[in-house]
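Subject: Structure handover

Hello,

Here is the structure I promised to pass on. Please open it next to this email as you read.

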Amino acid sequence: MRIVVLAGGIGGSRFLLGVRAVAGGSAEPVTAIINTADDVTLHGLRICPDLDSVMYTLGAGIDPERGWGRAKETWTVRDELAAYGAEPTWFGLGDRDIATHLIRTRMLNAGYPLSAVTDALAERWRPGVRVLPMTDDRVETHVVVADDDNGTNRRAMHFQEWWIRHRAELPAEKFVPTGAEDAAPAPGVVEAIASADLVLIAPSNPVVSIGTILSVGGIRTALAQTSAPVVGISPIIGGAAVRGMAERCLPVVGAEVSAAGVARLYGARRGGGLLDGWLVDETDAGASAEGIEVRAVPLWMHDVDATAAMVRAAIKLAQEVRGA
Ligand code: GDP
Ligand code: CA
């Protein structure tokens, strides 16, 4: 079975561990299409947080406690930069992690597209799934915030500055995926979706991970046209994001912070939206969304076994919607 997964960083990579456990043995590769709109250039280094989370997690190089960055990390370079007073200081760049960014930046500067760089890095990490950036073009989520107390001035900042430096606490007016309109899907993305047997939407941030992937026009079109069922997994359980601050993003786009709210944001494929099926946690068993088949199963990714059970439930639901 050819499975394609749309995913962001931490939620996406944990989910992919389960997908790999279920499908990893099969001859057909799993393709993961990863958000790149969080990417940022700091200290001259090109950083791709979601691609790195996926690569490190699947390659067993992630720090398990923090959930991002490298295990056994040290912070000498960060401390030295701070001693120089070099801004920004709010982004955690570990020494081991910096090696990844140095190689990526060097290859990008030499003219290689991000997808080729990602392949090269994956030779070391052997993630066991095909990892594709959503695009080789530059797309960056910018956040528009009020710049004064009476709300008359506006300021846009990079998503990472809003998310990490301001901990998503500055009231956001909107998210703008700059560059998305003109961005082309990375090589292999449209082909993977077109020939998929199943498309899974990981329990990732619906706005700034999945939403930005969908903002690349060619990807949205490919999803609308594929004959494969599309099944999503809710990142919201009991009215709150399981880990992280996704609940800060949903109201900005007018969506309710609930499992059903995310399903409605994505929309039913029959109505021009994304989803055929939607998995919610057992605590949200009453959730419904028009035109979408909803099933309730445990959605806590405590470990790989629990996550694999979610994936099997998604496969079962896909077979049911296809049969319907
Ligand atoms: P980011 O790019 O690192 O922010 O990560 P993602 O966008 O891939 O995932 C973030 C989302 O993962 C958050 O909205 C969480 O609600 C969701 N998430 C994290 N852990 C779990 C879990 O165990 N179960 C479910 N259902 N969602 C989770
Ligand atoms: Ca992210």
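Below are my notes, taken site by site.

One caution first: this is a predicted model.

**The calcium ion**

Start with ligand 2, the calcium ion. Its protein donors come from Asp38 and Asp50. Asp38 gives one OD atom, and Asp50 is listed with OD twice. These donors lie 2.0 to 2.6 Å from the ion. The two residues come from distant parts of the chain, 12 residues apart. Asp38 is in the loop between β2 (31–34) and β3 (40–42). Asp50 belongs to helix α2 (residues 49–58). Both Asp38 and Asp50 are buried.

**Ligand 1**

Asp50 turns up again here. An N or O atom in its side chain is 3.1 Å from an oxygen atom of ligand 1. So Asp50 is a donor to the calcium ion and also has an atom 3.1 Å from ligand 1, which is worth a look on screen.

Two backbone contacts can be added. Gly9 places a backbone N or O atom 2.9 Å from an oxygen atom of ligand 1. Leu299 has a backbone N or O atom 2.7 Å from a nitrogen atom of the ligand. How much of ligand 1 does the protein bury? Alone, ligand 1 exposes 590 Å², and the protein buries 93% of that. In total, 20 residues surround ligand 1. The closest are Ser204, Ser209, Pro235, Arg243 and Leu299.

**Aromatic rings**

The count comes to 8 aromatic pairs. One of them is Trp68 with Trp75, an edge-to-face pair. Their centres are 6.4 Å apart, with 70° between the planes. Trp68 is partly exposed, because its relative accessible area is 33%.

Tyr266 and Trp278 also pair. Stacked or edge-to-face? Their planes stand at 85°, over the 60 degrees needed, so the pair is edge-to-face. The ring centres are 5.8 Å apart. This pair links distant parts of the chain, 12 residues apart. Tyr266 is in helix α10 (residues 259–266), and Trp278 is in strand β13 (residues 277–280). Tyr266 counts as buried because its relative accessibility is 5%. Trp278 is buried too, with a relative accessible area of 1%.

There is also a cluster. Ring pairs link Phe159, Trp162, Trp163 and Phe175.

**Charges over rings**

Trp68 has a charged neighbour as well. Arg66 lies over the face of Trp68, 4.7 Å from the ring centre. Arg70 does likewise with Tyr56: its charged end sits over that ring, 5.8 Å from the centre.

**Backbone points**

Glu87 and Pro88 are joined by a cis peptide bond, with omega about -5°. Pro88 is in the loop between α3 (76–83) and α4 (95–109).

Two alanines have positive phi although neither is a glycine. Ala60 has a phi of about 60°. Ala168 has a phi of about 55°. Where do they sit? Ala60 is in the loop between α2 and α3. Ala168 is in the loop between α6 (159–165) and β8 (172–178). Buried or exposed? Ala60 counts as exposed because its relative accessibility is 68%. Ala168 is buried, since its relative accessible area is 4%.

Best wishes

Definitions and conventions:
Residues numbered from 1 in each chain as written. Chains lettered and ligands numbered in written order. Predicted model: local features only at pLDDT ≥ 70, side-chain atom pairs only at ≥ 80, totals over all residues. Heavy atoms only, no water. Phe/Tyr/Trp six-rings, centres within 6.5 Å; stacked < 30°, edge-to-face > 60°. Buried < 20%, exposed > 50% of the residue type's maximum accessible area, 1.4 Å probe, protein only. Helix = DSSP H or I, 4+ residues; strand = E, 2+ residues; numbered from the N terminus. Lys NZ or Arg CZ within 6 Å of the ring centre and 35° of its normal. Donors = N, O, S within 2.8 Å, 3.2 Å for Na, K, Ca; no water. Near = heavy atom within 4 Å. Polar contact = N/O pair within 3.5 Å; in protein donor to acceptor, adjacent residues only side chain to side chain. Areas by Shrake-Rupley, 256 points an atom, 1.4 Å probe, with all protein chains shown as cover.
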